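Me: I would like to learn how to read a structure of this kind feature by feature. Could we take the general idea each time and then turn to the case at hand?

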Amino acid sequence: MYQFSRAIYRELAPHIVAPKPGVAANANHEHVLRACEAVVERMAVDRHYFARPERTLFCDIRSHFPMSEQGRVHQVVARYIGFAQQFLIENPLAGYASICGVAPQCRATTRKGAACQRVPLPHNGYCPSHQHLADTEDRELVAA
Ligand SMILES: [Zn+2]
């Protein structure tokens, strides 16, 4: 996933403004890079609860660019976040594993009280045997 955050950073780095006097020279670069990483990490791990990643990232980093570059910043962010989204749709498990180092596991607990070890379906985080829990969850959300 970090190929996407690095690509955004590489394209935008030449346009990052210098920090205020007294602030470390690379502070703005550091902030932009970390913000890009945080957004792709969250996309990989928590995609279903992350509605507008390109908007989140743009709002987070735009203050580090001059007014004249805002359009370009938005374009670059939207393009690469789009690529990342496409990648996650096609490789949801690989995206998760690249951030966490392990494959995702089903969110359910077995009757013996241990965490279910099976691979979850990408769309709700439960394995095929525990799909009914996702339905229950949806009903509770509606009720609440
Ligand atoms: Zn399970």
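**Reading the helices and their packing**

Reply: A helix can be read by asking what its buried side faces, and in this predicted model the buried residues of H1 pack against H2 and H4.

Me: Which residues of H1 are buried?

Reply: Burial is judged by counting neighbouring C-beta atoms, with 20 or more inside 10 Å as the cut-off. In H1 the buried residues are Phe4, Ser5, Ile8, Tyr9 and Leu12. They lie on the same side of H1, because the arc they cover around the axis is only 130 degrees.

Me: What overall pattern do the elements of the protein follow along the sequence?

Reply: The protein has 6 helices and 0 strands, so that reading along the sequence gives the pattern α-α-α-α-α-α. The radius of gyration is 19 Å, well over the 15 Å that the globule rule gives for 144 residues, and the protein is therefore more spread out than a compact globule. Taken along the principal axes, the box filled by the C-alpha atoms is roughly 60 × 30 × 30 Å.

Me: Which domains does the domain assignment give?

Reply: The assignment divides the protein into domain 1, residues 2-100, and domain 2, residues 105-144. Their centres, taken over C-alpha atoms, are separated by 31 Å.

Me: How should I read the nonpolar core, and which residues have the most contacts inside it?

Reply: The general idea is that in soluble globular proteins nonpolar side chains tend to be buried together. Here the largest nonpolar core has 24 residues, and those with the most contacts inside it are Ile8, Val32, Cys36, Val40, Leu57, Val77 and Ala84. At least two residues of this core come from each of H1, H2, helix H3 (53-61) and helix H4 (70-90), while H2 gives the most, with 8 residues.

Me: What is Val40 in contact with, leaving aside its neighbours within four places in sequence?

Reply: One can follow a core residue outwards through its contacts. With those sequence neighbours set aside, Val40 is in contact with Met1, Tyr2, Phe4, Ser5 and Ala84; of these, Phe4 and Ser5 are among the buried residues of H1, and Ala84 is one of the core residues with the most contacts.

Me: Does burial within a single helix vary, and is Ala35 buried or exposed?

Reply: It is best to take each residue in turn. Ala35 has its place in helix H2 and counts as buried, because it has 20 C-beta neighbours inside 10 Å. Leaving aside neighbours within four places in sequence, Ala35 is in contact with Leu57, Asp60 and Ile61. Arg34 is also found in helix H2, yet Arg34 is partly exposed, with 14 other C-beta atoms within 10 Å. The C-alpha atoms of Arg34 and Ser5, which are 29 residues apart along the chain, are separated by 8.7 Å.

Me: How many C-beta neighbours does Phe87 have inside 10 Å?

Reply: Phe87, found in helix H4, has 19 C-beta neighbours inside 10 Å and so counts as partly exposed, since 20 or more would be needed for a buried residue. From C-alpha to C-alpha, Phe87 and Ala35 are 19 Å apart in space and 52 residues apart in sequence.

Me: Where is the place of Pro14?

Reply: A loop residue can be read with the same neighbour count. Pro14 is in the loop between helix H1 (2-12) and helix H2 (27-46), and it counts as exposed because it has 7 C-beta neighbours inside 10 Å. Pro14 and Phe65 are 51 residues apart in sequence, but 9.8 Å apart in space, C-alpha to C-alpha.

Me: What share of the residues of the protein count as buried?

Reply: Of the 144 residues, 22% count as buried. As for contacts between residues at least 6 apart in sequence, 48% of them join residues at least 24 apart.

Me: Which element has the lowest mean pLDDT, and which the highest?

Reply: Confidence is read both for the whole protein and element by element. The protein averages a pLDDT of 91, and 100% of the residues score at least 70. Among the elements, helix H6 (residues 131-143) has the lowest mean pLDDT, 81, and H3 has the highest, 98.

Methods
Residues are numbered from 1 along each chain as its sequence is written. This is a predicted model: local features need pLDDT of at least 70, side-chain atom pairs count only at pLDDT 80 or more; totals for chains, interfaces and linings use all residues. Helices (H or I, at least four residues) and strands (E, at least two) are DSSP runs, numbered from the N terminus. A residue is buried if 20 or more other C-beta atoms lie within 10 Å of its own, exposed if 12 or fewer, and partly exposed in between; C-beta atoms are placed from the backbone. A nonpolar core is a set of buried Ala, Val, Leu, Ile, Met, Phe, Trp, Tyr and Cys residues joined through C-beta atoms within 7 Å. Two residues are in contact if their C-beta atoms, placed from the backbone, lie within 7 Å. Domain bounds come from an automatic or database domain assignment. pLDDT is the predictor's confidence in each residue, from 0 to 100. The arc is that of the directions from the helix axis to the C-beta atoms. The radius of gyration is taken over C-alpha atoms; the globule rule is 2.2 Å times the number of residues to the power 0.38.
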